Amino acid sequence: MEEIDIDAIDIRLLDLLQTDASLSNQALAERAHLSAPTCLRRVKRLRDRGLIAREVALLDADRLAPLLGHGLTVLVEVSLERQGAEALDAFEQRAVAEARVQQCYRVSPGPDFLLVVRCTDMPDYLALTQRLFTGDANVRNVKGFFSARCAKFDPRLPLSASVTPNGLNPGGNLQQNAH
């Protein structure tokens, strides 16, 4: 288990950044009650340690719909015929390489994978099913659920100074599995 030293200030910075990563360093420092140089140094350290995986812009699909169409969001359960590590890895590699697959989870019990797929329309989804599912002899069963409405989408991790996903230990260090 790798130990990563972070404290309540680091947690506050991570929380602020996952809410709005477009904040300037000065604005972030003000909200975190830090000097700008200290804030910059801490955020760089968090990036260098891999706690900030990447920064992206979240697009508003409803506002873009007049230009792009509403599209289809499909939650897809996939069960494989063979569940050996090699077969699971092979399907996972194909799924994550597919641009239409926004999220890919290995799950248990039940199906082997749960995918969140975004397609422009039904013909686009059917083309995806041919590429990803029908063409794979190891895919045993596919069940798609079409989203009628998304009531909540929030990619933020729940953070606070006292409770973290892995927990701050009494010394203030985050415990994380080494990869």
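**Close-up views of a predicted model**

**View 1. Glu 92, Arg 106 and Asp 89 in a predicted model.** Glu 92 counts as partly exposed, since its relative accessibility is 30%, and a residue is called partly exposed when its value lies between the limits of 20% and 50%. The structure shown here and in the views that follow is a predicted model. Arg 106 forms a salt bridge with Glu 92, and the closest N and O atoms of this pair are 2.8 Å apart. Arg 106 belongs to strand S3 whereas Glu 92 belongs to helix H5, so this pair ties together parts of the chain that are 14 residues apart in sequence. Arg 106 also takes part in a salt bridge with Asp 89, where the closest N and O atoms are 2.4 Å apart. Asp 89 lies in helix H5 (residues 85-97) and Arg 106 in strand S3 (residues 101-106), so here the parts that are tied together are 17 residues apart in sequence. Asp 89 is partly exposed, with a relative accessible area of 35%, and Arg 106, at 39%, counts as partly exposed as well.

**View 2. The salt bridge of Glu 55 with Arg 47, and a network of salt bridges elsewhere in the structure.** The closest N and O atoms of Glu 55 and Arg 47 are 2.5 Å apart, and the two residues form a salt bridge. Glu 55 is partly exposed, with a relative accessible area of 40%, and Arg 47 is likewise partly exposed at 40% relative accessibility. A further group to find in the model consists of Asp 7, Asp 10, Arg 42 and Arg 45, which are linked in a network of salt bridges. In total, the structure holds 11 salt bridges.

**View 3. The aromatic pairs, which are two in number.** Phe 91 and Phe 113 form a tilted pair, in which the ring centres are 4.9 Å apart and the planes stand at 50 degrees to each other. Phe 91 lies in helix H5 and Phe 113 in strand S4 (residues 113-119), so the pair ties together parts of the chain that are 22 residues apart in sequence. Phe 91 is buried, with a relative accessible area of 1%, and Phe 113 also counts as buried, at 0% relative accessibility. Tyr 125 and Phe 146 form a pair that is edge-to-face, with 5.4 Å from centre to centre and 75 degrees between the planes. This pair links distant parts of the chain, for Tyr 125 is in helix H6 (residues 122-134) and Phe 146 in strand S5, 21 residues apart. Tyr 125 is buried, with a relative accessible area of 7%, whereas Phe 146 is partly exposed, with a value of 42%.

**View 4. A nonpolar surface patch, and Pro 155 with Leu 58.** Val 56, Leu 58 and Phe 153 make a nonpolar surface patch of about 330 Å². Val 56 sits in the loop between helix H3 (36-48) and helix H4 (61-68), and this residue is exposed, with a relative accessible area of 53%. Pro 155 can be found in the loop between strand S5 (139-146) and strand S6 (173-176), and Pro 155 is partly exposed, with a relative accessible area of 48%. Pro 155 and Leu 58 are 97 residues apart in sequence, while their C-alpha atoms are 9.6 Å apart in space.

**View 5. Cys 39 and Cys 150.** Cys 39 is buried, with a relative accessible area of 0%, whereas Cys 150 counts as exposed, because its relative accessibility is 53% and the word exposed applies to values over 50%. A disulfide is a covalent bond between the sulfur atoms of two cysteines; the structure holds zero disulfides.

**View 6. The whole protein chain, with its six helices and six strands.** Read along the sequence, these elements follow the pattern β-α-α-α-α-β-α-β-β-α-β-β. The protein chain has 179 residues, of which 28% count as buried. The chain exposes about 11,800 Å², and carbon and sulfur atoms supply 53% of this area. When contacts between residues at least 6 apart in sequence are considered, 64% of them join residues at least 24 apart.

Conventions: Residues are numbered from 1 along each chain as its sequence is written. This is a predicted model: local features need pLDDT of at least 70, side-chain atom pairs count only at pLDDT 80 or more; totals for chains, interfaces and linings use all residues. Side-chain values use heavy atoms; hydrogens and water are left out. A disulfide is a pair of cysteine sulfur atoms within 2.5 Å. Buried means under 20% relative accessible area, exposed over 50%, partly exposed in between (1.4 Å probe, protein chains only). Patches are made of residues with over 30% relative accessible area and no salt bridge: like charges are joined within 9 Å, nonpolar side chains (Val, Leu, Ile, Met, Phe, Trp, Tyr) within 5 Å. Accessible areas come from the Shrake-Rupley method with a 1.4 Å probe; for residues, only the protein chains shown count as cover. A salt bridge is a side-chain nitrogen of Lys or Arg within 4 Å of a carboxyl oxygen of Asp or Glu. Helices (H or I, at least four residues) and strands (E, at least two) are DSSP runs, numbered from the N terminus. Rings of Phe, Tyr and Trp (its six-membered ring) pair if their centres lie within 6.5 Å; planes under 30 degrees apart count as stacked, over 60 as edge-to-face and the rest as tilted. Contact means heavy atoms within 4.5 Å.
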